[in-house]
Amino acid sequence: MHSATATERIESREAVHRVMCRYMELCDVPSVEFSVEELASLFTPDAVWEGIGAEYARKFGTRRGRPEIVGMLTAYLPPNSHFRGNVHLLGSEQIDVDGPAARGRWIMQQLSRYEDESAELLVARITAECEVRGGIARIKHFTTEKLFVTRLDEATRLLESNGKRT
């Protein structure tokens, strides 16, 4: 275990919080000032990004290194038409710091509208092992595991159809 002052641990936790928030923001559609280079810079050169749990292991697999990770992520982002709109919300944040290493856990909610007008709410467990140097955190190992999903367009259609019957 590394010895760090309370201030250093707080600054490292804040750096991890910032890198994860920016990662999620860059994955939103539309994104705020999207840059492939910035997305890549959020990861260490030897980073690993993986889907875990049966469904996400099959869907996403394991990506190694910035080029593979960014290539997979940008396949879902404009100009590709996968999402019409998409937003990520992080909660239940827990970040542990040990010197230049940090590990965070979050529950992520993802609200998505697709090109076919369908919509869903997805909840996943996210973990990220990060390296923190000079106040900057980079993701070294990222995992995502689907916990729950529900279609939102069906609920809207049910509400609309119930309203028409009255």
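How much area does the protein expose, and what share of it do carbon and sulfur atoms supply? In this predicted model, the exposed area is about 9,500 Å², and carbon and sulfur atoms supply 53% of it.

**Figure 1. Overall arrangement of helices and strands in the predicted model.** The protein contains five helices and six strands. Along the sequence, these elements follow the pattern α-α-β-α-β-α-β-β-β-β-α. Of the 166 residues in the protein, 38% are buried. Among contacts with a separation of 6 or more, 53% are between residues 24 or more positions apart.

**Figure 2. Close-up of Phe-60 in helix H3.** Helix H3 covers residues 53-60, and Phe-60 belongs to it. Phe-60 has a relative accessible area of 11%, and it is therefore classed as buried, the cut-off being under 20%. Not counting residues up to four places away in sequence, Phe-60 touches Trp-49, Gly-51, Met-72 and Tyr-76. One of these partners, Met-72, lies twelve residues from Phe-60 along the chain, and the C-alpha atoms of the two residues are separated by 8.3 Å.

**Figure 3. Close-up of Asp-28 in the loop between helices H1 and H2.** Helix H1 comprises residues 6-27 and helix H2 residues 36-41, with Asp-28 placed in the loop between them. Asp-28 is buried but has no salt bridge. The nearest side chain of opposite charge, that of Arg-22, is 8.1 Å away, whereas a salt bridge requires the charged atoms to be within 4 Å. The side chain of Asp-28 does make a polar contact with the side chain of His-88, at 2.7 Å. Leaving aside neighbours within four places in sequence, Asp-28 is in contact with Asn-86, Val-87 and His-88.

Conventions: Residues numbered from 1 in each chain as written. Predicted model: local features only at pLDDT ≥ 70, side-chain atom pairs only at ≥ 80, totals over all residues. Heavy atoms only, no water. Helix = DSSP H or I, 4+ residues; strand = E, 2+ residues; numbered from the N terminus. Buried < 20%, exposed > 50% of the residue type's maximum accessible area, 1.4 Å probe, protein only. Contact = heavy atoms within 4.5 Å. Lys, Arg positive; Asp, Glu negative; His and termini not counted. Polar contact = N/O pair within 3.5 Å; in protein donor to acceptor, adjacent residues only side chain to side chain. Areas by Shrake-Rupley, 256 points an atom, 1.4 Å probe, with all protein chains shown as cover.
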